[in-house]
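Biologist: I would like a close look at a single part of this model, with the rest of the chain brought in as background. Please take me through it step by step.

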Amino acid sequence: MKTENCSEMTDARSIEQKSGLAEPVKDRQSGFIVPAGILIGLGAGLLADHAVAGFLVGLGLGLLGSELVPLARKSKEGEDPLAGGANVALLLIGAVLVLAGTGIVWAPAAVWIYAIPGLMILAGIGVLVRGFAKTS
């Protein structure tokens with residue numbers, strides 16, 4: 001067995017790439033946005049006596065930011081911003097979380113009896129549509 005090549009393979013990703021099992025991908029540099037959004041939202045929610053709503057808004061904005069910031073960076077660098085694309089599911093989940101967080105504060109409680117099951121039904125339909133679209 002040749003040992004000179006073993007020193008190059010230090011982690012699982014490089015092993016997969018060298019063996020042809022995985023394609024090289026660019027690392028996303030926006031992994032800090034979601035935890036930052038959660039902490040900022042939770043802190044603002046604690047100050048406003050709405051910790052859960054602040055957490056949801058922060059998480060939603062973090063998800064939105066983690067998908068939109070790389071697109072903004074690509075367009076500034078002159079690359080095609082639609083080449084990698086954004087994960088639409090995460091964008092929708094982020095938007096729903098922001099709406100849910102703000103709705104907890106401003107919407108009457110009677111709305112949530114119907115809104116939460118309705119959002120779950122819509123999410124389930126979305127998963128079904130996406131699953132069937134991938135299989136056909």
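Modeller: Helix 2 is followed by D49, a residue whose phi is positive and near 60 degrees, and that junction is a good place to begin, bearing in mind throughout that this is a predicted model. D49 takes this positive phi of about 60 degrees although it is not a glycine, and its place is in the loop between helix 2 and helix 3, the latter covering residues 51–77. As for its surroundings, D49 is exposed, since its relative accessible area is 68%, and the cut-off for that word is over 50%.

Going back from D49 into the helix itself, helix 2 takes in residues 33–47, 15 residues in total, and from its first C-alpha to its last it reaches 21 Å, close to the 21 Å expected at 1.5 Å a residue. The buried residues of helix 2 are I33, V34, G37, G41 and G45. Seen down the axis of the helix, these buried residues fall within an arc of 90 degrees, and therefore they line one face of helix 2. On the other side of helix 2 the exposed residues are L39, I40, L46 and L47, so that, with buried meaning under 20% relative accessible area and exposed over 50%, the leucines and the isoleucine named here belong to the exposed class, whereas G37, G41 and G45 belong to the buried one.

To set this part in the chain, there are 5 helices and 0 strands, and from the N terminus on the elements run α-α-α-α-α. Of the 136 residues, 20% count as buried, while the chain exposes about 9900 Å², of which carbon and sulfur atoms supply 70%. Among the contacts with a separation of 6 or more, 55% are accounted for by residues 24 or more positions apart.

Further along the chain lies the setting of the largest pocket, which holds about 490 Å³ of space and is lined by 17 residues, with A89, L92, I93, L122 and A123 lying nearest its centre. The elements that give two or more residues to this lining are helix 4 (88–106) and helix 5 (109–135), and the largest share, 9 residues, comes from helix 5. Helix 2, to return to the part you asked about, thus remains best described by its face of buried residues, by the exposed residues on its other side, and by D49 with its positive phi just after it.

Key:
Residues are numbered from 1 along each chain as its sequence is written. This is a predicted model: local features need pLDDT of at least 70, side-chain atom pairs count only at pLDDT 80 or more; totals for chains, interfaces and linings use all residues. Side-chain values use heavy atoms; hydrogens and water are left out. Helices (H or I, at least four residues) and strands (E, at least two) are DSSP runs, numbered from the N terminus. The expected span of a helix is 1.5 Å times one less than its number of residues. Buried means under 20% relative accessible area, exposed over 50%, partly exposed in between (1.4 Å probe, protein chains only). The arc is that of the directions from the helix axis to the C-beta atoms. Contact means heavy atoms within 4.5 Å. Accessible areas come from the Shrake-Rupley method with a 1.4 Å probe; for residues, only the protein chains shown count as cover. On a 1 Å grid over the protein atoms alone, a cavity is a set of points where a 1.4 Å probe fits but cannot get out, and a pocket is an open set with protein on both sides within 12 Å along at least five of seven lines; lining residues have an atom within 4 Å of a point. Grid points are joined across faces, edges and corners, and a volume is the space filled by probe spheres set on the points.
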